[in-house]
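Please look over this model with charged pairs and helix packing in mind. The report below takes each topic in turn.

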Amino acid sequence: MTKKNYNMELIRTASFVMVVIVHVANYYCRAYADIGRGEYVFALILDTVSRISVPCFFMLSGALLLNRNEPLRKNGRRLIHILTALIFWSIIYYFFNTRFMGTPYNLAEVLETPVEAHLWYLYAIIPIYLVIPFFQVMCRGMNETLDRALLAVGLGTTMFLYILSFTERETYLDVPIIGDRAYMVYFFLGYFIFKYRDELKKHFSLLMGIFLGSTALNIGMTLWFTYQTGNHYERFLEYGCPLIMISGASFFALLMQIDNGNIHLKGRTRRRIDLWCGCSFGIYLIHIIFLDSYKKYVNPEQLSAWIAVPGLAVGILVLSLISVYLIRKLPFGKYIS
């Protein structure tokens, strides 16, 4: 049995906390015209910093899976777990949205549009998991030169597509291994950072500077365009944005270096981290129910972002954790969370 790496578990813990912060903070960011400028800047800072969460989830999967030699059957079980969760939560959110939130949804569009927006992550991860066994074989046969070349092609392609998106044009060209989104590139980034983590230990200060600089630049650019347009500007917060990729990769590399890449935790702390991380997927799936219930009754201008963003994030995390913990006690709970 592979020994658990608690540097990765720390990244996972931080990431699912930040996912909730993104969704809460973004509710206030999109209400730019209705809230104070100080509230907006506060929400934007939390939103931008926390945007590294989803890239970190992809990078964790890449770091954990691409260097493995595992039977095809295991990947099949992984796929069945994700598909089961997608089907179950799509049904839950369909009734939640149509009956409680009053949001219509056409089930005929389920292959194109998730029933609930945040389920897009499952739509993105399933195609990747379909081809993971082949990428595992590919990565085992690659040397450092090929690793760097693949990373260069992936980052270059992603940057090109992101810049092209500002022109509202599409290219006929398509790089098969990379695809037209940044998600597979994050997988390779995680694999690359994990594989060469010892070499990155020499560059801790540089990585910290890159993380802080790219994040600050992103906040500044988003603020400037928001003030210029009079509406919250989200283009620099997309996961394909090079600044988000740089921030996410540098943050991932930094946390992989804590305690020389091998965090040792005491028994009680380790059990708590195991509990949180064991529930992280379920928390991701269920937390929108609590957030949308809040949004149904409370508009952004009714409660200050200074109070609502941290308070609501903590409250949602606690409610989600309790709910998922209880769900996982059910006979089928672990299949849907």
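A salt bridge here is a side-chain nitrogen of Lys or Arg within 4 Å of a carboxyl oxygen of Asp or Glu. The model is a predicted one.

**Salt bridges**

Side chains of opposite charge can pair when their charged atoms come close. A search of the whole structure turns up 12 salt bridges. Three of them are set out here.

| Lys | Acidic partner | N to O distance |
|---|---|---|
| Lys195 | Asp147 | 2.8 Å |
| Lys4 | Asp274 | 3.2 Å |
| Lys295 | Asp292 | 3.8 Å |

Start with Lys195 and Asp147, whose side chains meet at 2.8 Å, N to O. Lys195 lies in helix H7 (residues 183–195) and Asp147 in helix H6 (residues 144–165), so the pair ties together parts that are 48 residues apart in sequence. Is Asp147 buried or exposed? Asp147 counts as buried, at 3% relative accessibility. Lys195 is partly exposed, with a relative accessible area of 36%.

Next come Lys4 and Asp274, joined by a salt bridge of 3.2 Å, N to O. Lys4 sits in the segment before helix H1 (6–29), while Asp274 belongs to helix H11 (residues 267–278), so this pair links parts 270 residues apart in sequence. Lys4 is partly exposed, with a relative accessible area of 41%. Asp274 also counts as partly exposed, at 26% relative accessibility.

The salt bridge of Lys295 with Asp292 spans 3.8 Å, N to O. Both residues lie in helix H12 (residues 280–297). They are three residues apart, about one turn of the helix. Lys295 is partly exposed, at 29% relative accessible area. Asp292 has 9% relative accessibility and counts as buried. Elsewhere, Arg68, Glu70 and Arg78 form one network through salt bridges that share partners.

**H1 against H11**

How do H1 and H11 pack, and at what angle? Their axes are 10 Å apart and meet at an angle of about 50°. That angle makes H1 oblique to H11. The crossing of these two helices is left-handed.

On the H1 side, the contact residues are Tyr6, Glu9, Arg12, Thr13 and Phe16. On the H11 side, they are Arg270, Ile273, Asp274, Trp276 and Cys277. By class, the contact holds five nonpolar, one polar and four charged residues. Asp274 therefore has two roles to note: it is in the H1 contact, and it is the salt-bridge partner of Lys4, in the segment before H1.

**H4 against H5**

Helix H4 (residues 72–101) packs on helix H5 (residues 120–140) at an angle of about 170°. Their axes are 9 Å apart. Angles over 145 degrees count as roughly antiparallel, so H4 is roughly antiparallel to H5. The crossing of H4 and H5 is left-handed.

Which H4 residues take part? They are Leu72, Asn75, Arg78, Leu79, Ile82, Leu83, Ala85 and Leu86. They meet Leu122, Tyr123, Ile125, Ile126, Tyr129, Leu130, Ile132 and Pro133 in H5. The residues of this contact divide into 14 nonpolar, one polar and one charged. Arg78 is in the H4 contact with H5, and Arg78 is also a member of the network with Arg68 and Glu70.

Conventions:
Residues are numbered from 1 along each chain as its sequence is written. This is a predicted model: local features need pLDDT of at least 70, side-chain atom pairs count only at pLDDT 80 or more; totals for chains, interfaces and linings use all residues. Side-chain values use heavy atoms; hydrogens and water are left out. Helices (H or I, at least four residues) and strands (E, at least two) are DSSP runs, numbered from the N terminus. Buried means under 20% relative accessible area, exposed over 50%, partly exposed in between (1.4 Å probe, protein chains only). Axes are lines fitted to C-alpha atoms, for helices over the stretch in contact, and angles run from 0 to 180 degrees between N-to-C directions. Angles under 35 degrees count as roughly parallel, over 145 as roughly antiparallel, 65 to 115 as roughly perpendicular and the rest as oblique. A crossing is left-handed if the near helix is turned anticlockwise from the far one by less than a right angle, and right-handed if clockwise. Contact means heavy atoms within 4.5 Å. Ala, Val, Leu, Ile, Met, Phe, Trp, Tyr, Cys and Pro count as nonpolar, Asp, Glu, Lys and Arg as charged, and the others, Gly among them, as polar.
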